[in-house]
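This report walks through one protein chain for a reader who has not met it before. It goes from strand pairing to helices and then to the chain as a whole.

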Amino acid sequence: MPYALQFSHTLPWPRCLVWFLQFFIFRTGRMVLTYQTDSYAQELDTDVVSCCAAEHKLPVDGRPTRVQCHEVVLADTVLFPEGGGQPDDRGTIGGQPVLRVLRRGAEPVHLLEGPLAVGERVHVAVDWARRWDHMQQHSAQHLITAVLDQLYGCTTTSWALREASFCTIELDSAQLTAEQLVKAEERANQLIREARPVTVSVHQAGDAALNGVRARGLPDDHVGAVRIVSIAGVDDNMCCGTHVSNLAHLQAVKLLSAERGKKGRTNVSFLAGQRLLDYVAESARRETQLNLTLKCGPGDYATVLDKWQRTMKAGQRAARDVLRQLADAEAERFWRPGERFLSVHQPHGDAEFMSAVVSAVGDGTVPVLVTVGGADGAPGSLLLSGPPALVERLGPRLCELMDGKGAGKNGRFSAKLGSLKQRAQADRLLREEIESSTES
């Protein structure tokens, strides 16, 4: 007879019966762990089955780094290993922080910094805030996937549960309109208000109950029991993740956008539960800041910003006109008797100003050095123009002098400068190079 057990958080099983079932399943080669049967279980005591030293690539300060650690296998665990698009849990084992929880076949492997003795009795606790967030987002994904399929025949091809951000569902549809998105959101929230139960049943591969169940296939290394997550009257989905026991625990869902993805697919972004509440709170905080800055309410943001943008563009045009006039004035200064090169520095200039000065001087036979920026110690830019041989020799020297990086050809050399503290020395180098070229 196929093995199938129903578990519901709304009707908790006696703990002794759960232990008996787990013992029976273990003895018959069909072990079901606590995280698979009760997503709300936050801690338990269990035995260490194995512990071995290992090396894994783990994020350290945001960068993947090879870390020496220990792989720990437990007789039972409340910690979910990564899988099904859901990240793994965090928590503690015997007081040690859990670095990662990996899935190796049917076996969760816990990564700890320090070793544990085989046979040792340890207390296991899950990071509940992280687990609850993952439960809400994952169950919301099942709900949204089912609604989009029922309303528009859109099939989910993948999904991503991102950390502290919105989640995405990839659909096989090329387009989802704004009206369709609103209708799907309304339907999903209606089902949440109806408080539809969410249950988990555990089966063995080949069980007839798995026929016709929504699934994207099992992993190649999958062994052991298969779980079906059911939303009453809405969906049956093969899934290994942790879920809420009732849609009411999602509180609400928000479909943020539907954007064109790769290969003619559509990416739907969404938030649910506490993550949605946090998003609303942050949006309200930003709205308050904008009200103070723009001196208006949200309904007038677009009008005020459009006015600001037009004013800013007009100011930028006026500033460019002034810089062009200044460039022309600097170029006129060159024609004074005795000048053999032109050197200009404008703290508030830009690339257009530098090009205007060089172009105003002549045909490129006259050495011209223009620098901009550097106000209050900020980095700047350089443009050197003149005879190609001189520019080729002098450009790298100026970069070295002013901590810059640049390149050039055909009598022009441009660079980004780290410092303009030696700007006066640059003029001396240019003068010495010109005098040296004249003498030779």
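In which sense do strand β9 and β14 pair, and over how many bridges? The model is a predicted one. In it, β9 (residues 167–171) pairs with β14 in the antiparallel sense, over five bridges. Ile169 has Val268 in β14 as its bridge partner.

**Strand β14 and its partners**

β14 covers residues 266–272. On β13 (residues 253–260), β14 has another antiparallel partner, and seven bridges link the two. Here Lys254 is matched with Leu271 of β14. β13 and β14 make up a hairpin, and five residues lie between them. In that turn, Lys263 has a positive phi of about 55°. Six of the seven residues of β14 are buried, so the strand is largely enclosed by the rest of the structure.

**The barrel and the open sheet**

Six strands form a closed barrel in the order β2-β3-β6-β5-β4-β7, and their pairing is antiparallel. From one strand to the next, the twist averages 45°. Within the barrel, β3 (residues 63–74) and β6 (residues 107–112) are joined by three bridges. Glu71 stands opposite Leu111 in β6.

An open sheet of five strands is also present, ordered β15-β16-β17-β19-β18, with mixed pairing. β15 (342–346) and β18 (404–409) are its edge strands; each has a single partner strand, so one side of each is left without a neighbour in the sheet. On average, neighbouring strands of this sheet are turned by 10° against each other, direction ignored. The partner of β18 is β19 (residues 412–417), to which six bridges join it in antiparallel fashion. Gly408 is bridged to Phe413 in β19. Helix α7 (residues 351–361) lies across β15, β16, β17 and β19, and runs at about 160° to β16.

The table lists antiparallel strand pairs described above.

| Strand pair | Bridges |
|---|---|
| β9 and β14 | five bridges |
| β13 and β14 | seven bridges |
| β3 and β6 | three bridges |
| β18 and β19 | six bridges |

**Helix α3**

Helix α3 takes in residues 128–152. At 1.5 Å a residue, its 25 residues should span 36 Å, and because the end C-alpha atoms are 36 Å apart, the expected and modelled spans agree. The helix is mostly covered, with 18 of its 25 residues buried. Its N-terminal end is capped by Asp127, which has a side-chain oxygen 3.4 Å from the backbone nitrogen of Ala129. After α3 comes Gly153, whose phi is positive, near 70°.

**Arg275 in helix α5**

Arg275 belongs to helix α5 (residues 273–294). Is Arg275 buried or exposed? Its relative accessible area is 9%, and buried means under 20%, so Arg275 counts as buried. The side chain of Arg275 reaches the backbone oxygen of Arg162 at 2.6 Å. Leaving aside neighbours within four places in sequence, the contacts of Arg275 include Asp133, Gln137, Leu161, Glu163 and Cys167.

**The chain as a whole**

The secondary structure of the protein chain amounts to nine helices and 19 strands. Of its 440 residues, 43% count as buried. Among the contacts with a separation of 6 or more, 61% come from residues 24 or more positions apart. The chain exposes about 23500 Å², and carbon and sulfur atoms supply 53% of that area.

Terms used
Residues are numbered from 1 along each chain as its sequence is written. This is a predicted model: local features need pLDDT of at least 70, side-chain atom pairs count only at pLDDT 80 or more; totals for chains, interfaces and linings use all residues. Side-chain values use heavy atoms; hydrogens and water are left out. Two strands pair if DSSP finds at least two bridges between them. Helices (H or I, at least four residues) and strands (E, at least two) are DSSP runs, numbered from the N terminus. Axes are lines fitted to C-alpha atoms, for helices over the stretch in contact, and angles run from 0 to 180 degrees between N-to-C directions. The expected span of a helix is 1.5 Å times one less than its number of residues. Buried means under 20% relative accessible area, exposed over 50%, partly exposed in between (1.4 Å probe, protein chains only). A polar contact is a pair of N or O atoms within 3.5 Å; within protein, one must be able to donate a hydrogen and the other to accept it, and residues adjacent in sequence count only if both atoms are side-chain atoms. Contact means heavy atoms within 4.5 Å. Accessible areas come from the Shrake-Rupley method with a 1.4 Å probe; for residues, only the protein chains shown count as cover.
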